[in-house]
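Here's a quick tour of a few local details, worth following with the viewer open. Have a look at the structure first, then read on.

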Amino acid sequence: MERIEQLESNSIYLIREAASSLGDIALLWSMGKDSTALLWLARKAFFGEVPFPVLHIDTGYKFPEMYRFRDDLAKEWNLDLRVARNEEAIAAGMGPAERIACCTALKTDALKQAVAEHGFRGLLLAIRRDEHGVRAKERYFSPRDRDFRWDYEDQPLELWDHHGSPTDPDSHVRVHPLLDWTEKDVWNYVRREDMPVVDLYFARGGQRYRSIGCLTCCDPVDSDAQTVDDIIAELKSTSTGERAGRAQDKESATAMQKLRALGYM
Amino acid sequence: MAGDILRLAVVGHVDHGKSSVIGRLLIDAGAVSTDRMSELSAASGASRAVDPAYVTDSLEEERARSVTIDTSEARLAAHGREYAIIDTPGHRQFLKNMVTGASRADAAVLVVDANLGVREQTRRHVHVLRMLGVRQVVVAANKMDLAAFASASLASLRDQIAPLLEGMTVVGTVPVSARRGDNIVRRSTDMPWYEGDTLLDALSHLAPAEPTADRPLRMPVQGARPKADGAILVYGRVESGRVATGDEIVFCPSGIGTTVVSIAHANGNGRDTASAGMSIGIVVGDHVLPPPGEVICHRTAPAATARRLSATVFWLDGTPLCAGTNLTARCASQVVECVVERVRPDPAEAGDGTCLVDGQMGAVDIRTSWPLAADRFERIPQLGRLAFSQDGRLVGAGVIASIGEGRGS
C-alpha cells in the first residue's frame with residue numbers, strides 16, 4: 001500500500017473506532033487544513049456523510065475567509081455544525097493582549113462550555129506529532145478529566161489499537177486520528193484528493209499563511225507558493241518550522257505544555 | 001514521495017543515552033528545523049550548546065530531571081524512505097510508556113552504555129521486544145568517548161549482549177558517542193579500528209514490516225449500517241488476507257455465513273477487491289446484521305473459536321495478576337470478560353512464582369465468558385494479540401500461544 005493510503009486507512013480506522021467505542025462524539029473543526037482533512041476523512045469513513053456534530057470553537061478573531069469557508073462547506077457537505085463561543089469573555093473584552101489568558105478563555109473555556117452543554121464523551125482533533133514536541137507525546141486516545149486536565153506524567157497504556165475508556169461520566173477522550181501525519185503528508189493528501197482548503201494558505205503579494213488560527217496571533221511567511229504543488233515544493237526546501245508564525249507557542253519554552261495541560265487543543 | 005514508513009523504537013536502560021542518540025541523529029541528519037534549533041538552544045541553558053536529548057524530551061519535567069517520562073516520535077528521511085523514530089523511557093517506573101511506544105515499532109535500536117554494559121532495563125526491554133514481535137535490532141554502543149574509544153569495550157559488549165539477542169536479527173553493532181556525534185551520522189575519527197556502518201547507515205539494512213496480505217482473511221467489524229436500499233454495509237479494516245466480490249464469508253465467532261455482494265472502498269475507487277491494511281465497507285448478502293465485534297473470515301479458512309486460550313502475558317499494573325483474577329480481554333474488535341485459570345511466571349524473573357507482578361512476563365491460561373475468534377500470534381499477528389483491561393484502563397498485553405477447545409465449550 002502506498003504510504004498516503006496507509007495513513008488514510010489508519011485515520012479512518014481511528015475515526016470509526018471513536019464513533020463505535022465512545023458514542024457521543026464531535027469533530028473539532030477550525031477550518032485549517034488539518035481539521036478540514038480530518039473532516040474529509042470522517043466523510044469517507046462513513047461513506048459520504050458525517051454521522052456526528054462538527055464543532056467550531058469561535059473566538060470571534062478568525063479571518064473572514066475562514067467564516068465563509070466554514071459556511072460554504074457546512075452547506076455543501078450537509079454538516080451538523082455547532083458553533084461555540086465564550087460570549088461572556090468576549091463581551092468582557094477578552095483579547096490577545098494577554099495571549100495565554102485569551103487562548104484559555106476563548107478556546108479552552110469555550111470548548112469546556114460546549115462539551116458540558118452537549119455531553120460529548122469524545123472529541124476528534126486534528127493535531128499531529130510533528131507540529132510540536134509536546135504534541136508528539138500524545139496518545140491516539142487521550143483521556144481528559146472533568147476539569148479538562150491532561151495528565152501527561154501518567155498517560156495510559158495504549159497498544160495494538162487498543163485503548164482504555166475512562167469510567168468517569170464527566171471525563172472525555174481526545175481522539176487524534178492524524179497523529180502520525182506530517183505537514184507534507186497533509187499537503188500531499190490535499191493534492192491527491194483535490195480537497196478544498198481556505199485561500200489564506202496561498203501566497204498573495206509575496207506572503208502566505210502556513211498555519212492558521214486567529215487573525216491577531218498568526219504571522220504570514222514570505223512565499224510565492226500559489227498552488228498546492230508550489231506549497232509541496234516549498235516544504236521540501238524550507239528549514240523553518242510550521243508553527244513559527246503562531247504566537248501562542250512562543251510565550252515561553254513550555255507555553256504549549258501549559259496550555260495543553262489546562263485543556264487546550 | 002518516499003514509500004513506506006519504517007517504525008523504529010529506541011530502547012535500553014535508563015541513562016544509557018536513548019534520547020541523546022535520537023537527538024544527535026535528527027540534528028546531524030538535518031531533520032530539526034532552524035526555529036526548533038533556536039528554541040532548543042535557548043532551553044539548553046547558559047552554554048547555549050544544544051542538549052540533543054531535548055529534541056524528544058519536550059516536557060519541562062523531563063528536561064529538569066534529565067529523564068524521559070513518556071514516549072515520543074519524530075520523523076527522519078533517509079535511504080529513500082522515511083523513519084518514524086520512537087523514543088521510549090528507560091526508567092522502570094515508566095515501563096507502560098515504553099510498551100506504548102515499542103508496540104508500534106517494526107524494528108529497534110538498543111542503546112547500551114559501553115562502559116556499563118547490559119543492565120536490568122536492557123534485558124527487560126529486549127524481552128518486551130520479543131513479546132511484541134519486534135525481531136530486528138541495531139545495537140548502539142554509546143558513550144565510547146568515556147571508554148577511551150577502545151575497541152576492547154565494543155568487543156566485550158558484543159560478547160555480553162549476544163546471548164540476550166539470540167534468535168533476533170542484529171543488523172549492526174555500532175560504537176557511538178551521542179554527545180559528540182561519533183558514528184551517528186558522521187564517521188568518527190577517533191575509532192579508526194571500526195570499519196562498519198554509522199548508526200544512520202546501519203538503519204538501511206532494516207526490512208519493512210512483513211506484508212500480511214498472503215495470510216488468511218481477517219476483517220474485524222467496527223460497525224454496520226443499513227443502506228438506503230435496505231442492504232447491510234459492514235465496515236472495518238482488513239487486518240490480513242484479501243477479500244473480493246462474490247467471496248463466501250463467515251462471521252466469527254457466531255458462525256453466520258453469507259456472501260460479499262460488493263466492496264465499498266473508503267477512497268471511492270471501484271475495485272472489487274481489497275487487501276490487508278485497507279479500511280473498507282462490505283455489502284453483505286441476506287441482510288445479515290452481525291453482532292458487534294465479529295471477525296469476517298473466508299468460509300474455507302475461519303479463525304479458531306474457543307473459550308480457553310494460553311498466552312504469553314506482560315503485566316503492567318500494581319495489583320498482581322493471579323489465578324482467579326477477572327479481566328476484560330480485547331482481541332481485535334472483540335471484547336469479552338475472562339478469568340485467569342493458571343499463571344506461570346517467567347522463571348528468569350523475580351516475584352513469588354504464582355502471580356505476575358508489575359513489569360513481569362509469564363504464561364497465562366484464560367477462560368472467557370463468550371467464545372473468542374482468534375489465531376496464534378505466529379500465524380496472524382493481528383488476531384493473535386490480546387489487550388487486558390480493568391476499570392477502563394489497559395493493564396496488560398499478551399500474544400496467543402495456543403487456542404483451546406472448540407466452539408460452545
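## A buried strand residue, a helix and a helix pair

Leaving aside residues up to four places away in sequence, Val395(B) touches Leu316(B), Asp317(B), Phe388(B), Ser389(B) and Gln390(B). Bear in mind that this is a predicted model. Val395(B) sits in strand β20 (residues 393–403) of chain B. Is Val395(B) buried or exposed? Count the C-beta atoms: 23 others lie within 10 Å, and 20 are enough, so Val395(B) is buried. Leu25(B) is 370 residues from Val395(B) in sequence, and their C-alpha atoms are 33 Å apart.

Over in chain A, take helix α1 (residues 3–22). At 1.5 Å a residue, its 20 residues should span 28 Å, and the end C-alpha atoms are indeed 28 Å apart, so the two values agree. Most of α1(A) is covered, with 14 of its 20 residues buried. Just past α1(A) comes Gly23(A), with a positive phi of about 80 degrees.

Back in chain B, two helices pack with their axes 11 Å apart, at an angle of about 40 degrees. That angle is why α4(B) counts as oblique to α5(B). Their crossing is right-handed. Here is who meets whom:

| Helix | Residues in the contact |
|---|---|
| α4(B), residues 95–102 | Met98(B), Val99(B), Ala102(B) |
| α5(B), residues 120–132 | His125(B), Val128(B), Leu129(B), Leu132(B) |

Sorted by class, this contact of α4(B) with α5(B) has six nonpolar residues, one polar and no charged ones.

Terms used:
Residues are numbered from 1 along each chain as its sequence is written. Chains are lettered from A and ligands numbered from 1 in the order in which they are written. This is a predicted model: local features need pLDDT of at least 70, side-chain atom pairs count only at pLDDT 80 or more; totals for chains, interfaces and linings use all residues. Helices (H or I, at least four residues) and strands (E, at least two) are DSSP runs, numbered from the N terminus. The expected span of a helix is 1.5 Å times one less than its number of residues. A residue is buried if 20 or more other C-beta atoms lie within 10 Å of its own, exposed if 12 or fewer, and partly exposed in between; C-beta atoms are placed from the backbone. Axes are lines fitted to C-alpha atoms, for helices over the stretch in contact, and angles run from 0 to 180 degrees between N-to-C directions. Angles under 35 degrees count as roughly parallel, over 145 as roughly antiparallel, 65 to 115 as roughly perpendicular and the rest as oblique. A crossing is left-handed if the near helix is turned anticlockwise from the far one by less than a right angle, and right-handed if clockwise. Two residues are in contact if their C-beta atoms, placed from the backbone, lie within 7 Å. Ala, Val, Leu, Ile, Met, Phe, Trp, Tyr, Cys and Pro count as nonpolar, Asp, Glu, Lys and Arg as charged, and the others, Gly among them, as polar.
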